[in-house]
Amino acid sequence: MRFEIQAECPATGARAGLLHTAHGVIETPVFMPVGTQATVKGLPQRNLIEDLDARIILANTYHLFLRPGHELIRQLGGLHRFMSWPRALLTDSGGFQVFSLSSLRKITESGVTFRSHLNGDAHLFTPESTVDVQLAFGSDILMALDECLPYPASHESARDAMRRTVRWARVAYSHFQTRKEQAEIASSLFPIVQGSMFRDLREECAGELVGLGADGYAIGGLSVGEPRELSLEVAGYTAPMLPRDRPRYAMGVGMPEELPEYVALGVDMMDCVLPSRNARNGYLFTSGGRIIIKQSRYRDDASPLDPKCPCYTCRTFSRAYLRHLFQAGEILFSTLATLHNLRYYLDTMRGIRQSILLGGFPAFLDSVRSATVE
Ligand SMILES: [Zn+2]
């Protein structure tokens, strides 16, 4: 994997770049749709490519490890072939889900034991095993196992979790290097900076992880219950602690108006379930603000969802029809709404990228901020 910076904003930390992977070139900054179960819920792969031109999507190691299992996916040719996705894939380490979904977690120095939320079976994730699971998937970008604490956390517990995350990252990285010596592997492994909302811990963590010389770095431990301004503050001081010439990935963040804020901090990659989850719940992001489609005012509204949006949903259907589908609980609603919300996110990112390339990012950021204040 190779990261090429094409333009940097002189006034902020924003950069536009190209991330070259074995499954295509990703234009950054990039928003990655979340495909938890090897599917972006409600949206066929064809739409992700033809309508959205998504270059990379994310899948969840925890879920796919439990079902259908990484050995089955390996046997069927890896995750790209299994889900017929020819473009880049990032998988998380599973740590976040272990800490948020499973029961009876027990953390030891070697890893974390947990019980499946599906059937209660006991499993063990170690820094080495989660690398092997993600290699079985054939992911382009693998994430190292980390310990992610909810907010708020004490300095002491955050320090312990952060130092364990660093030790695990070293183990994961050396295991990954060994695997690379044994076989031709084009993937990259990103370690994750933890440290909760404590600057000194983030600094210690970033300092240790940078020594690994990884192809990219993630800022984790955000969107765990803290106020949004605090997530931005933490990302703001953490991003500059990471190497300039490597992609920086802020995990699990981003309301639409926050995308340029994170980019301004020097973040290159983001993911969030918001656009797809909210879509299914009838909560739509548009250039004119949020639309809650079930509201009765849309009952006879013949206008498109977002007149400025070129997506299939907005080109083809009225708000009244979308509201009808939602009220009737029709499957098609999820598909059309997800298509639109993701298009809105990806187009926002493409607009940000263009403005960086053309030198107009500060003005872009100002316009988003003043629209948000209104
Ligand atoms: Zn649309």
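Helix H15, residues 361-373, gives five residues to the lining of the second largest pocket, the largest share of any contributor. This is a predicted model, so please hear everything that follows as computed from that prediction. The other elements that supply at least two residues each to the lining of this pocket are S17 and H14. The pocket holds about 430 Å³ of space. It is lined by 15 residues, and the ones closest to its centre are Glu257, Tyr344, Val368, Ala371 and Thr372. Sorted by class, that lining comes to seven polar, five nonpolar and three charged residues.

Now the largest pocket. Its space is about 880 Å³. Here 44 residues form the lining, with Phe96, Gln97, Gly252, Asp271 and Val273 closest to the centre. Which helix gives the most to this lining? That is H11, with five residues. H11 covers 274-280, and together with H5 (95-100) and H9 (228-238) it is among the helices that each supply at least two lining residues. The class count for the largest pocket is 19 polar, 16 nonpolar and nine charged residues.

Next, the metal. Which atoms coordinate the zinc ion? There are three SG atoms, from Cys309, Cys311 and Cys314, and the ND1 atom of His340, at 2.1 to 2.3 Å. The angles among the four donor atoms run from 97 to 120 degrees, and the site is tetrahedral. Along the chain, the donor residues follow the spacing C-x1-C-x2-C-x25-H. Cys311 sits in the loop between strand S17 (289-292) and helix H12 (312-316), while His340 belongs to helix H14 (residues 331-357), so this pair ties together parts that are 29 residues apart in sequence. Are these two residues buried or exposed? Both Cys311 and His340 are buried. H14 therefore comes up twice in this talk: it carries His340 of the zinc site, and it supplies at least two residues to the lining of the second largest pocket.

Last, helix H6. Why call H6 largely enclosed by the rest of the structure? Because eight of its 11 residues, in the stretch 127-137, are buried, where buried stands for under 20% relative accessible area. The buried residues are Pro127, Thr130, Val131, Val133, Gln134, Leu135, Ala136 and Phe137. After H6 comes Gly138, which has a positive phi, near 80 degrees.

How values were computed. Residues numbered from 1 in each chain as written. Predicted model: local features only at pLDDT ≥ 70, side-chain atom pairs only at ≥ 80, totals over all residues. Heavy atoms only, no water. Buried < 20%, exposed > 50% of the residue type's maximum accessible area, 1.4 Å probe, protein only. Helix = DSSP H or I, 4+ residues; strand = E, 2+ residues; numbered from the N terminus. Donors = N, O, S within 2.8 Å, 3.2 Å for Na, K, Ca; no water. Tetrahedral: all angles 85-135°; square planar, octahedral: opposite > 155°, others 65-115°. 1 Å grid on protein atoms, 1.4 Å probe; cavity = no way out; pocket = protein on both sides within 12 Å on 5 of 7 lines; lining within 4 Å. Points joined across faces, edges and corners; volume = space filled by probe spheres on them. Nonpolar A, V, L, I, M, F, W, Y, C, P; charged D, E, K, R; others polar.
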